[in-house]
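This report describes selected parts of one protein model. It covers a sheet with the helices that pack on it, and then a buried arginine and a helix in contact with it.

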Amino acid sequence: MPGPQLHLDDLLGELQARLDVARRTRDRVHSLLEAVLSVGRDLDLAQVLRHIVEAAVTLVDAEYGALGVIGEDQRLSQFIPVGVADEQVERIGRLPTGHGLLGELIRHPAPLRLAEISEHGSSYGFPSGHPPMHSFLGVPIRVREKVFGNLYLTEKRGGVEFDAEDESVLSTLAVAAGVAIDNARLYAQARLRERWLAASAEITASLLSGSGEAEVLDLLVARAAAIARADLTVVALPVPDADELEVRIAVGLDAEQHAGLLLPLSGSFMGTAARTGEPVVSADVRQDPRITVGPPRWEGLGPAMAVPIGTAAGGVHGVLMLARAAGQPSFEAGESEPLLGFAGQAALAMELAERRRDFERVALLQERDRIARDLHDLAIQRLFATGMTLQGATRFISHPAAADRVLRAIDDLDETAKTIRATIFGLRARETGPRARGLRARAVEAVERAGTVLGFTPGLRMTGLLDVAVPKPIADEAVAVLQEALSNAARHARADSVQVSLAAGSELVVTVTDDGVGLPTGGRRSGLANLAERAEALGGTFRARAGPHGGTELVWRVPLTSV
């Protein structure tokens, strides 16, 4: 009975084939479940992304795979390849950013399956050193309905094409990958928030312990740089009576190119944050269109974020900027919110420091008033009485030389009384407006500000009646000269110490000496010409030369009798 036997063999063969298909389907489902469990096991986002690609390559039996993360600019901000050796990656050079076929999935987020990559209209070919690739399968990964990135698989083993089952399996993995990525991001955000809260508590403790403004800002910069993984951290504060920011602190990559800079509110990255009062984010600060002025200083940097340091009254105390090296991940939108709260700690530090300065200023003024009263009620009265006594005694002196000496002593007492009266006037002097401080106080403030940039506080020596004998126009110029000289020292001198001297007599002399690298060979720095022009406009002189013990000595002097 050959007929029934053949028919039975066919049925058994068909049954065996179906069993094989069912077994392969079971094995594939089992592999898919294992892959889903694998990608959902980790909470570190970088590990999750790599496990997704590795699982995808295994599931569809592909030789090469990659996961591209889509950035805010709809380009690939990250590209994680699997199957390509490190040497090949180095030969290929720059990783893809989303052009050609890879960009097709960004523009049209739907599964894409090709038998031959080169036949697709968006294919640009491969760079030199790239391994040959033919078959292709790509699917998008969505996180909460938003496309996070794409899975790219190429070269199915055995030289065959990817089929519909491969597409279905990979799409299922992409759904599980979206959930795993979302969990990893939520976990990372929770950990990040925890670190910001811990740093805020540390800043608060430092404030309550009475730490100074510079110390608190240094601590804030250090913590912000570590938590945000920033390669450069900058703090800039507004310049009084000017639409500019002055960089007070710069730490990290090429920080010396930023320290001490004056940045306009319009045309600078940090100025934009100060002007708008909102966080400013850039995927590549080197190409940011908002930066139109200032020296080139962004080489080697990429992603950047600037947040305003707000005040309780709604104003801006300054700006905190974080930047990462070129090629590092961009700052995400969720990173600005905790950083804004953290920057509020800087505002609190500044406001507390300002209140302390106000308290100290009031105490100083009260002490000056007491000294003025004592000088008037005690010293001047006694000098006047002594002078009267000597003047009355001259008629009893018969020797002409002795009488002449006594008269000269009386004249000296009169001059001393005049000097003390001028001192009393200076102690009790009160100006109004934004410059309601004498030259002494403004010089001290300029030196303290320079200390935050230099990393140490310069020495300061002041002699003469600076607040009385120096007219306001000259005092204003002297403060500007002192600020520029200290800024030059911070940016160029690389000094370990700086000494400042202000002396008032028949002329005002401002001297700034450092122990740095000295003046450049072949002439003065162009920035010093401004100091010379300020002196010449007031009938004075300016000299820049090597210091007595190395470094540089700047001497700016103007006459006081001609004003």
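Contact here means heavy atoms within 4.5 Å. The model is a predicted one.

By that criterion, Leu45, Val48, Leu49, Ile52, Ala55, Ala56 and Leu59 of helix H2 meet Val169, Leu170, Leu173, Ala177, Ala180, Ile181, Ala184 and Arg185 of helix H5. The residues of this contact comprise 14 nonpolar, no polar and one charged. The axes of H2 and H5 lie 10 Å apart, at an angle of about 170 degrees. Angles over 145 degrees count as roughly antiparallel, so H2 is roughly antiparallel to H5.

The sheet is open and has five strands, ordered E2-E1-E5-E4-E3, with antiparallel pairing. Its edges are strand E2 (76–82) and strand E3 (112–114); each has a single partner strand, so one side of each has no neighbour in the sheet. On average, neighbouring strands are turned by 15 degrees against each other, direction ignored. Strand E3 runs antiparallel to strand E4 (residues 136–143), and three bridges join the two. Leu114 has Phe136 in E4 as its bridge partner.

Both H2 and H5 also pack on this sheet, as the table sets out.

| Helix | Residues | Strands touched | Angle between directions |
|---|---|---|---|
| H2 | 45–59 | E1 (62–70), E2, E4, E5 (146–156) | about 145 degrees with E1 |
| H5 | 164–208 | E3, E4, E5 | about 30 degrees with E4 |

The second region concerns Arg248, which lies in strand E7 (residues 244–252). Is Arg248 buried or exposed? Its relative accessibility is 12%, and buried means under 20%, so Arg248 counts as buried. Apart from neighbours within four places in sequence, Arg248 is in contact with Val235, Ala236, Leu237, Arg449, Thr452 and Val453.

One of these contacts, Arg449, is among the buried residues of helix H10. The others listed as buried in H10 are Leu439, Arg442, Ala443, Ala446, Val447, Ala450, Gly451 and Leu454. The buried residues of H10 pack against strand E7, strand E12 (459–463), helix H11 (466–469), helix H12 (472–493), strand E13 (498–504) and strand E14 (507–514).

Helix H10 (residues 439–454) has 16 residues, which at 1.5 Å a residue should span 22 Å; its end C-alpha atoms are 22 Å apart, so the two values agree. After H10 comes Gly455, with a positive phi near 95 degrees.

Definitions and conventions:
Residues are numbered from 1 along each chain as its sequence is written. This is a predicted model: local features need pLDDT of at least 70, side-chain atom pairs count only at pLDDT 80 or more; totals for chains, interfaces and linings use all residues. Side-chain values use heavy atoms; hydrogens and water are left out. Two strands pair if DSSP finds at least two bridges between them. Helices (H or I, at least four residues) and strands (E, at least two) are DSSP runs, numbered from the N terminus. Axes are lines fitted to C-alpha atoms, for helices over the stretch in contact, and angles run from 0 to 180 degrees between N-to-C directions. Angles under 35 degrees count as roughly parallel, over 145 as roughly antiparallel, 65 to 115 as roughly perpendicular and the rest as oblique. Ala, Val, Leu, Ile, Met, Phe, Trp, Tyr, Cys and Pro count as nonpolar, Asp, Glu, Lys and Arg as charged, and the others, Gly among them, as polar. Buried means under 20% relative accessible area, exposed over 50%, partly exposed in between (1.4 Å probe, protein chains only). The expected span of a helix is 1.5 Å times one less than its number of residues.
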